[in-house]
Amino acid sequence: MSDVFNNELFEAFASASDNVYIYVCDMKTDISRWSKAAVDYFGLEGEYIEDAANIWGQHVHPDDLKVYTEDIADVFSGTKKYHDCQYRARNASGGYVWVECKGSVIRDAEGNPIIFAGLMTRIDGQSKYDSLTGLLTTQELHYFDFVAQSGIALLIGMDGFRKIISNYGYNIGDEILIKFSREISDLCNPQWKVLRFSGDEFLVIAFESNLQEVTDFYEKICREADVIILEDGRKVGISVSAGGVFFPQDADNREVLINKLEHSLEYTKNNRRGDMVFFSEEIAKKHERGLVLREDLRQCIKNGFKGFELFFQPFINPHSHTIVGCECLLRWKGDRIKDSYPMEFIKVLEDYGDIHEVGFWVMEQAIRQQAAWRDIYGDLQVSFNVSYQQFVDDTFEERAISCVEKYGVNPKNIIIELTESCQVEDPQELATMFGRLREQGFKIALDDFGTAYASMEMLKCLPVDYVKVEHSFIRELSQPGHDIDYVIVDSLLEMCKRLGYNSIIEGVENSKVADIVGEMNATLLQGYHYSRPVCRKDFEKQLDEGRKRSL
Ligand code: C2E
Ligand code: MG
Ligand code: MG
């Protein structure tokens, strides 16, 4: 037996780690010795193996065999100094694990190889490669030096990937991720690294790049993502957003880099969808504010909804010019943040799932208020807003019904407004639920109609009572050059009438617009011209005045 195997050093190294295996091959006899841990783990025939290259080759994953054999051949031929490659190897239980195999050849005085020795490290636990896309995982970030090398890091995220999965299913979702990841890899410069960051997010580390190169790359990515052709020939378009960070200027280590990239992407998705936005102080501040908002909101919810309040904005009957109801609009002031508008804090409530709890609070306040006003002012049509995700809650319907029962309110006086119909993932299920709520007597309104691309589609499949025509068509109706808005609104109202829907025109801001829409065929009007949303007391003053006028 060759001396190369029989030394204490081999024993010492062999027993040093459970995840690192060592091997030494006497190339003259082609007999090699493997550490005991390797024998056990990979199910080898014994510590001593003849023709190990062949035997070990049978353990290498077929897809990785080429990489492995080419690397070994290069080392033996002397083209490459060290064997260094990663591949999947079959273990004793038949599964594959990623290993990193490193080794070198010792040659005699004539240059003939005499010993080949090395070690193999299991890297499956740290998963160097993502199993779906084959891209590097974020583990690899540990090995980058963000100080010695400069460049730009881009975190690219798909917009609405969850919706793609719900429309097409998980398998197609995976196919899209694989195809998209290949496109990123193909389009980027060979010196750059592409990593799968998480779910639908990909990280590109553009070493030694400049802004122009990265901008060109991002534009190409956007174009490619626009049409992804699936195996079955179907075409799916996705849109992407990206957050960027310059290193080492803005981040000189992994933690800071990841942090800033995540904040930048979050900012882009919320404010500038589709764009590539670089980290800035403004983004840092927004993020900080988001954290405080969330904490303050949570605190208020815990304290029995302290800080939340409903404001009321009247619905005007265009014929009688009287208040016939109101929309309840949520307002909130936290301990630290006192100037947050619904668009901001409702988004936070939605993002963290707190909208359910707050939404039920809104529902109860609105219904209770309808009952309280009824005895003084007669029946008012009271509406409140509901985000799509609130409808998905199984208890919504039952709670709406028990709430009207609790306060003795006739549900025909309650209008439930669906706020962002564009997010509806399962219109059929929602339609069934709307149907049941309407059977109970509730009125359903489709809010902000006309903005989302899906508006018409939604109108087609959802049974509703009211369509609320969005502000943006109304606000400038009186301005010159807005004839198109006039035609759109007029046609929308005509359509509503023919389909048997009631309509509410939102955003009537001044008397000129009021005159124009007064001539149109809307059921109800709403806007700053009549009143801004006001607190309960002020709204009651308006109701009192209206009552006095009619006495
Ligand atoms: P929305 O339901 O479309 O409510 C109408 C928004 O338009 C309100 O903004 C209102 O103040 C504003 N507005 C009313 N008249 C005019 C006008 O003449 N001109 C202009 N420019 N704006 C006018 P607000 O109160 O900031 O609410 C924004 C959005 O927040 C609401 O839009 C609704 O989608 C959401 N929201 C409000 N309260 C709730 C709630 O309790 N739950 C849920 N899920 N969403 C709510
Ligand atoms: Mg509304
Ligand atoms: Mg609206």
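**Entry 1: the shell around ligand 1**

Which element gives the largest share of the shell around ligand 1? I found that strand 15 does, with 4 residues. I note at the outset that this is a predicted model, in which local features need pLDDT of at least 70, side-chain atom pairs count only at pLDDT 80 or more, and totals for chains, interfaces and linings use all residues. Residues are numbered from 1 along each chain as its sequence is written, chains are lettered from A and ligands numbered from 1 in the order in which they are written, and side-chain values use heavy atoms, with hydrogens and water left out.

I took a residue as near ligand 1 if one of its heavy atoms lies within 4 Å of it. There are 24 residues around ligand 1, and Gln 313, Asn 385, Asp 447, His 471 and Glu 509 come nearest. I sorted the shell by residue class and obtained 8 nonpolar, 8 polar and 8 charged residues. In this sorting Ala, Val, Leu, Ile, Met, Phe, Trp, Tyr, Cys and Pro count as nonpolar, Asp, Glu, Lys and Arg as charged, and the others, Gly among them, as polar.

**Entry 2: contacts and cover of ligand 1**

I next looked up polar contacts, meaning pairs of N or O atoms within 3.5 Å; within protein, one atom must be able to donate a hydrogen and the other to accept it, and residues adjacent in sequence count only if both atoms are side-chain atoms. An oxygen atom of ligand 1 lies 2.7 Å from an N or O atom in the side chain of Asp 447. A nitrogen atom of ligand 1 is 3.1 Å from a polar backbone atom of Leu 330, and an oxygen atom of the ligand is 2.9 Å from a polar backbone atom of Tyr 528. On its own, ligand 1 has 790 Å² of accessible area, of which the protein covers 90%; the method is Shrake-Rupley with a 1.4 Å probe. Two or more residues of the shell come from each of strand 15 (323-332), helix 10 (342-351) and strand 18 (443-449). Helices (H or I, at least four residues) and strands (E, at least two) are DSSP runs, numbered from the N terminus.

**Entry 3: the magnesium ions**

Which residues are the protein donors of the magnesium ion that is ligand 2? I listed Glu 327 (OE), Asn 385 (OD1), Glu 417 (OE) and Asp 447 (OD), at 2.0 to 2.2 Å. Donors are N, O and S atoms within 2.8 Å of the metal (3.2 Å for Na, K and Ca), and sites may look incomplete because water is not among the atoms. Asn 385 lies in strand 16 (residues 381-386) and Glu 417 in strand 17 (residues 414-418), so the pair ties together parts that are 32 residues apart in sequence.

For the magnesium ion that is ligand 3, I recorded Asp 447 (OD), Asp 448 (OD) and Glu 506 (OE), the last entered twice, at 2.1 to 2.5 Å. Asp 447 bridges ligand 3 and ligand 2, which lie 3.9 Å apart.

I then checked exposure, where buried means under 20% relative accessible area, exposed over 50%, and partly exposed in between (1.4 Å probe, protein chains only). Glu 417 is buried at 0% and Asp 447 at 5%, whereas Asp 448 is partly exposed at 24%.

**Entry 4: cysteines**

How many disulfides are there? With a disulfide taken as a pair of cysteine sulfur atoms within 2.5 Å, I counted 0. The sulfur of Cys 326 is too far for a bond because the closest cysteine sulfur, in Cys 328, is 4.7 Å away. Cys 326 is buried, at 0% relative accessible area.
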